[in-house]
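Q: Could you take me through one part of this model up close, and then show me how the rest of the fold sits around it? I'd like one connected walk rather than a list.

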Amino acid sequence: MLLASEYTCFFCDQLSCAEVDLQSEENGSIRTGAAGASIQHVGSPTSFDQAPIDVYGVGGRYATALFSAASKQKKLEQVEKEMRTLSALIKDPKLSSIVMNPHVKRSLKLKFFGDAMTKANLSPITVNLITVLADNGRLTLTADVVGAFAKMMSAHRGEVICTVTTAHPLDEANLAELKVALNGFLAKGETLILETKSDASILGGMIVSIGDKYVDMSTKTKIHKLTKIIRDS
C-alpha cells in the first residue's frame, strides 16, 4: 500500500484528480484528506489526457481522473480489466460488509481493501484510486467510478451504446431492420452496441436511447399524450 504523500502526488498530477468535494472544486483546489494538503491547479485542463466523453457526478469525476492517469501511462486496457476485478471485489459479501459500512473506520476499510487488492495483484493506478476514495470517505462510490470508467472506455473504442425497449421481444427480421436504421445515426468509425429490453407496460411501439438521443415512440406515451389533448380541449 502506498503512503498518503505518494498517492496524493500521483493523482493530483492528473486532470482534476477529482477530490471531488464540490466546495474545494469550486475554489480551484483539490483536497487530499489525510495528507492535509490543498493543491492549486493553474491553467487549462485541456493540457491533460482527457476522457472521450463527459460522465457527470462525483463518481464520474473520479473516473475522469483515473482515465487521465491510465491514458498518460498507456495502461487504459490494463486498468479497464482491473476495474472488472474491482467490481467483483466489492460484490464479495465479506469485503463489502466492511468497506461499505459507514460505522467502520476508514483505516480499517483501507487495510481490508488493500489486502484484497494486493492478493488480486492490482496496479498502483488502481490501488491509488481506492486509497484516495477511502481517504476521502468515498468508498461507497466505487461502483459508480467503475461504471463511469467503463462508459469512457466504450466511447474511447468508438462504441455507441443503444438501448431499445419494446413491449415484446423482437424477432430476427425486425431486429435486423432496426440495426440498419440505428446504424444511420452513427458517425464514421463508430460501432453500434445494441441492448434490447422487453417491458409489457409500454403496450406497443418502442423506446430508443442512443448516445445522447432519447426517442419515446411507445403506445403508452402516445395514449397519454392523446388523453392530455382531450382533457385540455
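A: Let's start with strand 5 (residues 206–210) and strand 6, which run antiparallel and are joined by 4 bridges. One of the residue pairs here is Ile-207 with its bridge partner Asp-216 in strand 6. Keep in mind that this is a predicted model.

Now zoom out to the sheet. It's an open one, made of 4 strands in the order 4-3-5-6, with mixed pairing. Strand 4 (191–198) and strand 6 (213–216) are the edge strands; each has a single partner strand, so one side of each has no neighbour in the sheet. On average, neighbouring strands here are turned by 10° against each other, ignoring direction. Helix 9 (residues 172–183) packs on this sheet, where it touches strand 3, strand 4 and strand 5. The direction of helix 9 makes about 135° with that of strand 4.

Strand 3 deserves a stop of its own, and Thr-165 is a good place to make it, since that residue lies in strand 3. Is Thr-165 buried or exposed? Its relative accessibility is 13%, and the cut-off for buried is under 20%, so Thr-165 counts as buried. Setting aside neighbours within four places in sequence, Thr-165 is in contact with Lys-197, Asp-199, Ile-202, Gly-205, Met-206 and Ile-207. So that you can tie this back to where we began: Ile-207 is the residue whose bridge partner is Asp-216.

Two of those contacts, Ile-202 and Gly-205, also turn up around Thr-219. Thr-219 is found in helix 10 (residues 219–232). Not counting residues up to four places away in sequence, Thr-219 touches Ile-202, Leu-203, Gly-204 and Gly-205. Take Gly-204: it is 15 residues from Thr-219 along the chain, yet their C-alpha atoms are separated by 4.9 Å. At 30% relative accessibility, Thr-219 counts as partly exposed.

From strand 3 you can also step over to helix 8. Strand 3 (159–166) is among the elements that cover the buried residues of helix 8, along with helix 3, helix 4 and helix 7. Those buried residues are Thr-142, Val-145, Val-146, Ala-148, Phe-149, Met-152, Met-153 and Ser-154. Helix 8 itself (residues 142–156) has 15 residues and reaches 21 Å from first C-alpha to last, close to the 21 Å expected at 1.5 Å a residue. After helix 8 comes Gly-158, with a positive phi near 80°.

How do helix 3 and helix 8 pack? Their axes are 8 Å apart, at an angle of about 55°, and the two helices are therefore oblique to each other. Helix 3 passes helix 8 in a right-handed crossing. On the helix 3 side, the residues that meet helix 8 are Gly-59, Gly-60, Tyr-62, Ala-63, Thr-64, Leu-66 and Phe-67. On the helix 8 side you'll find Asp-144, Val-145, Ala-148, Phe-149, Met-152, Met-153 and His-156. Val-145, Ala-148, Phe-149, Met-152 and Met-153 are also among the buried residues of helix 8.

Helix 4 and helix 7, which also help cover helix 8, have a packing of their own. Their axes come within 10 Å and cross at roughly 50°, which makes helix 4 oblique to helix 7. Helix 4 passes helix 7 in a right-handed crossing. Val-79, Glu-82, Met-83 and Leu-86 in helix 4 meet Ile-125, Thr-126, Leu-129 and Ile-130 in helix 7.

A couple of loops next to these helices are worth a glance. Between helix 3 (58–72) and helix 4 (76–91) lies Lys-74, a residue that has a positive phi of about 55° although it is not a glycine. Lys-74 counts as exposed, at 75% relative accessibility. Asn-121 sits in the loop between helix 6 (106–119) and helix 7 (124–135); it isn't a glycine either, but has a positive phi of about 60°. With 66% relative accessibility, Asn-121 counts as exposed.

Last, the wide view. The protein has 10 helices and 6 strands, and buried residues make up 40% of its 233 residues. Of the contacts with a separation of 6 or more, 68% are between residues 24 or more positions apart.

Notes. Residues are numbered from 1 along each chain as its sequence is written. This is a predicted model: local features need pLDDT of at least 70, side-chain atom pairs count only at pLDDT 80 or more; totals for chains, interfaces and linings use all residues. Side-chain values use heavy atoms; hydrogens and water are left out. Buried means under 20% relative accessible area, exposed over 50%, partly exposed in between (1.4 Å probe, protein chains only). The expected span of a helix is 1.5 Å times one less than its number of residues. Contact means heavy atoms within 4.5 Å. Two strands pair if DSSP finds at least two bridges between them. Axes are lines fitted to C-alpha atoms, for helices over the stretch in contact, and angles run from 0 to 180 degrees between N-to-C directions. Angles under 35 degrees count as roughly parallel, over 145 as roughly antiparallel, 65 to 115 as roughly perpendicular and the rest as oblique. A crossing is left-handed if the near helix is turned anticlockwise from the far one by less than a right angle, and right-handed if clockwise.
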